[in-house]
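Visitor: I am new to this structure and would like a close look at a single part of it, the lining of its largest pocket. Please take me through that part with care, and then show me what else deserves a look around it.

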Amino acid sequence: MRRNIIPVCLVIAFVIIGGFTMSAFFSYFSFQTLFKKDVEAVSELTSENIFVNINNLMDRPINVSLAMANDTFLRSFMLKEEERKLTPGDLELLRNYLESYQKKYCFDSVFLVSVKTGAYYHYKNGIDRYMRPGEPENEWYFKFLKEQQECSLNVDNDEAKDNIITVFVNCKLTDSDGKLLAVVGVGMETPYVQQFLVENEKKYGINAFLIDEQGNIQLSSELTEFAGVNLFKDESFRAMAAAIVRNTEAPEYKWYHSREADGYVITKYVPNLNWYLVVEKNTRDFKIKMFSQLGLEFIFTLLVVILVVTVTTVIIRRYNREVMDLAEKDLLTGVKNRTSYERETIKHSLNMAKYEHFGIGVFDLNNLKMVNDIYGHQAGDTYIKKFSAMLCGAFGGDAVFRIGGDEFAVLFININEAEVRDRWHMLLEKFKEMGRPGEPKISAAFGAAFRDAAELNTIGKIFKTADDNMYLDKERIKGKPHNETR
């Protein structure tokens, strides 16, 4: 029975697990396609939103710096400085000029640096300091003087305002002949820009960086240039370095995979800053969650498989038992049938010698046909059932077999012939009480045979001898009046 159950359970488990695997496989790849499209769409919209807002955010300081660089008042002031004709009133007038821009546009810094004297004029302090070569905080200034571009940006600490990290827009002020007179500019504290990046990162689950051509992070939600972090040293971005900075005309889109991260990257050149906006959507955490979910679903499927296999096993075993009962039990009496008798005798034929006593008894009811003809088969069946119950009571239910219509066989295992005769005579006393007044008397014939090493050494021989003895007993009974039972 177990051999029959195992293949069925394996098939069921294979079907369920195979079905789950195929479903999970197609669902995963379908979802992956939709997920990628969603990531790409969200990243592109976020990148465009950040790009537009940063451009708008930087348009004002750039435009103001350019306007100041072309202001005749500043030119006149610088020419007076060259001629050493400045008065305290001129200095206060310049400070008021710078302060008016600061108040009007809410900049964090508005300044003017003289090329000739190195004086750093500030909206708040007047002359704040003098720019001298070799000092680290002045490197941006001397570097800008050497550059060809008329306007540039740099992230620096604003010494005039407690060293707060600030994005400065620097423009060159020249006279009518193109001679460089000063550097003018405004500063905007990085927290304004960083807060904007933080809001987008939280809202859309992305990371945003502003980097230069070398990959140095100029500004992000957490970092500034002073952190000294280079994005291209990260394994995820190292292979993309060339692609990120190669195109100043159109955005670059790329999926990336590394040991530490997976995701989608969009890079876009920001002309106002001369930097690159990098928007990254890291999908590693999501994939880990998705695979964890698949793992949980697989575990759940295994539990379902175990449950289904267990239930199936119980059902099959119960069904097998019922089938075996139907195949080996007599429906009328409930005792074992002829098929079961043949199986049992084959089994016992292999080890009869091990038993101290082994025999077979054959029993048959007499006059049952007469009862059937007069009172119907239901009355005859009642006698058969009652006689069967008596045999089970005398010899045990496991030993009794109905091998024909009113014929029974009983296996005597480790019961000697004398004890069998005693039990048979006790059964006859009870059998006399059967029947109703006026009904034909039912009697029973009995024959038995026991194994011996000389002649009755096979099941066939023992049964034939017992059957012959039963027919001899039947003949003796028929020679007597019908109201007498043996």
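Guide: The largest share of the lining of the largest pocket comes from strand E4, which supplies 7 residues. This is a predicted model, and the values that follow are computed from it. Strand E4 covers residues 151–158, and along with helix H4 (139–146) and strand E8 (217–220) it is one of the elements that each supply at least two residues of this lining. In total 32 residues line the largest pocket, and those that lie nearest its centre are Lys 143, Leu 153, Asn 154, Gln 218 and Glu 225. The volume of this pocket is about 860 Å³. Sorted by class, its lining is a mixture, with 13 nonpolar residues, 11 polar ones and 8 charged ones.

A second space can be set beside the pocket, namely the second largest cavity, with a volume of about 40 Å³. The count of cavities of 30 Å³ or more comes to 2. The second largest cavity is lined by Ile 54, Leu 57, Met 58, Val 167, Val 193, Leu 210, Leu 219, Leu 273 and Trp 275, and by class this lining has 9 nonpolar residues, with no polar and no charged ones. Helix H1 gives the most to the lining of this cavity, with 3 residues.

Helix H1 spans residues 2–69, and Met 22 has its place there. Together with Phe 25, Phe 26 and Phe 29, Met 22 makes a nonpolar surface patch of about 450 Å². Met 22 counts as exposed because its relative accessibility is 51%, and exposed here means over 50%.

Two asparagines in loops can be read side by side. Most residues other than glycine have a negative phi. Asn 367, however, has a positive phi, near 65°, and Asn 414 also has a positive value, near 60°. Asn 367 sits in the loop between strand E12 (358–366) and helix H10 (368–375), while Asn 414 is found in the loop between strand E14 (407–413) and helix H12 (417–431). With a relative accessible area of 22%, Asn 367 is partly exposed, and Asn 414, at 45% relative accessibility, is therefore also counted as partly exposed, since that term covers values between under 20% for buried and over 50% for exposed. Asn 367 also has a partner from another part of the chain, for its C-alpha atom is separated by 5.5 Å from that of Ile 442, although these two residues are 75 residues apart along the chain.

Thr 339 offers another pairing to follow along the chain and through space. This residue lies in helix H9, which runs over residues 338–349, and at 39% relative accessibility Thr 339 counts as partly exposed. From Thr 339 to Phe 73 there are 266 residues in sequence, and their C-alpha atoms are 123 Å apart in space.

To return to the part you asked about, the residues nearest the centre of the largest pocket include Leu 153 and Asn 154, and strand E4, which covers 151–158, gives the largest share of that lining.

Terms used: Residues numbered from 1 in each chain as written. Predicted model: local features only at pLDDT ≥ 70, side-chain atom pairs only at ≥ 80, totals over all residues. Heavy atoms only, no water. 1 Å grid on protein atoms, 1.4 Å probe; cavity = no way out; pocket = protein on both sides within 12 Å on 5 of 7 lines; lining within 4 Å. Points joined across faces, edges and corners; volume = space filled by probe spheres on them. Helix = DSSP H or I, 4+ residues; strand = E, 2+ residues; numbered from the N terminus. Nonpolar A, V, L, I, M, F, W, Y, C, P; charged D, E, K, R; others polar. Patch = residues over 30% accessible without salt bridge, like charges linked within 9 Å, V, L, I, M, F, W, Y side chains within 5 Å. Areas by Shrake-Rupley, 256 points an atom, 1.4 Å probe, with all protein chains shown as cover. Salt bridge = Lys/Arg side-chain N within 4 Å of Asp/Glu carboxyl O. Buried < 20%, exposed > 50% of the residue type's maximum accessible area, 1.4 Å probe, protein only.
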